[in-house]
Amino acid sequence: MLSEPLRWAAAGAAVAAYGALCAGIWWRERARAGAAAADAAALAGEGEAVLMVHASQTGQAESLAWDSARWLHAGGTSVRVVALNALDAQTLGQARQAYFIASTYGEGDAPDGASVFVERLMEDIAPPSLKPLSYAVLALGDREYTNFCGFGRRLDEWLQTQGAQPAFARIEVDNGAPAALA
C-alpha cells in the first residue's frame, strides 16, 4: 500500500497527465479549425458561392465535401463548405445552388453532424421556402441496414417539399463504393 505522500504524488501526476491530454486535444482542434478556415478562404472566390454542405458521423461526408469543393474551385467555381448543423434558414434560403453530402447513422437516423439542423429546420412547423435553390444530394449509407441511406432520402424529400429543385437524382453510396462516388 502506498504512503500518503506517494498517493498525493500519484494523484497529482494523474491530474497533470489529464490536463496535458486536454490541452493537446484543444491545440489539435484549434489547429484543425484554423486549417479549415484557411481552406475555406482559399475556396471562396468572386461572385455567389455554391454551398457544399456535409452531415457526417465519422468524418467521411466532411472529407468528401472538402475534396469536392477543391475540385469545383479548381474548375473556377466559388465554394463555401459548411456543416449541416451550422447552416441556418437565411443562408439556405438565399443560396442558389447547394450540394449536400449526408451520412446516415444506423437505421436511417441523422448523423450527429445533422441533428441540430433536423431539429431547427426540418422539424420546424414553418420551414423556409427554398424555391430558388438548385441542389443535389449524395447520400452515404450501408445496405446492411433496412433503411439504407435513410437520412439522405429524408433530406432530399424535405428539400423538394420546401420548393428546391433537384439538379439531378439523388446518388446513394453503399459503404463508400468508388463507382458511386465517381
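How much area does the protein chain expose, and what share of it do carbon and sulfur atoms supply? In this predicted model, the exposed area comes to about 10400 Å², and carbon and sulfur atoms account for 57% of that. On the inside of things, 34% of the chain's 182 residues count as buried.

As for the overall layout, the protein chain is built from 6 helices and 6 strands. Going along the sequence, these elements come in the order α-β-α-β-α-β-α-β-α-β-β-α. Contacts in the chain often join residues well separated in sequence: taking those with a separation of 6 or more, 83% are between residues 24 or more positions apart.

Helix H4, which spans residues 115–122, gives a handy look at how one element is packed. Its buried residues are Phe117, Val118, Leu121 and Met122. Looking down the axis of H4, these buried residues stay within an arc of 105 degrees, so they line one face of the helix. Part of the cover over the buried residues of H4 comes from helix H3 (89–94) and helix H5 (150–161).

Then there are the pockets. The second largest pocket has a volume of about 240 Å³, and 17 residues line it. Nearest the centre of this pocket sit Ser103, Thr104, Leu140, Gly141 and Asp142. Sorted by character, the lining of the second largest pocket is made up of 10 polar residues, 6 nonpolar ones and 1 charged one.

Key
Residues are numbered from 1 along each chain as its sequence is written. This is a predicted model: local features need pLDDT of at least 70, side-chain atom pairs count only at pLDDT 80 or more; totals for chains, interfaces and linings use all residues. Side-chain values use heavy atoms; hydrogens and water are left out. Helices (H or I, at least four residues) and strands (E, at least two) are DSSP runs, numbered from the N terminus. Buried means under 20% relative accessible area, exposed over 50%, partly exposed in between (1.4 Å probe, protein chains only). Contact means heavy atoms within 4.5 Å. Accessible areas come from the Shrake-Rupley method with a 1.4 Å probe; for residues, only the protein chains shown count as cover. The arc is that of the directions from the helix axis to the C-beta atoms. On a 1 Å grid over the protein atoms alone, a cavity is a set of points where a 1.4 Å probe fits but cannot get out, and a pocket is an open set with protein on both sides within 12 Å along at least five of seven lines; lining residues have an atom within 4 Å of a point. Grid points are joined across faces, edges and corners, and a volume is the space filled by probe spheres set on the points. Ala, Val, Leu, Ile, Met, Phe, Trp, Tyr, Cys and Pro count as nonpolar, Asp, Glu, Lys and Arg as charged, and the others, Gly among them, as polar.
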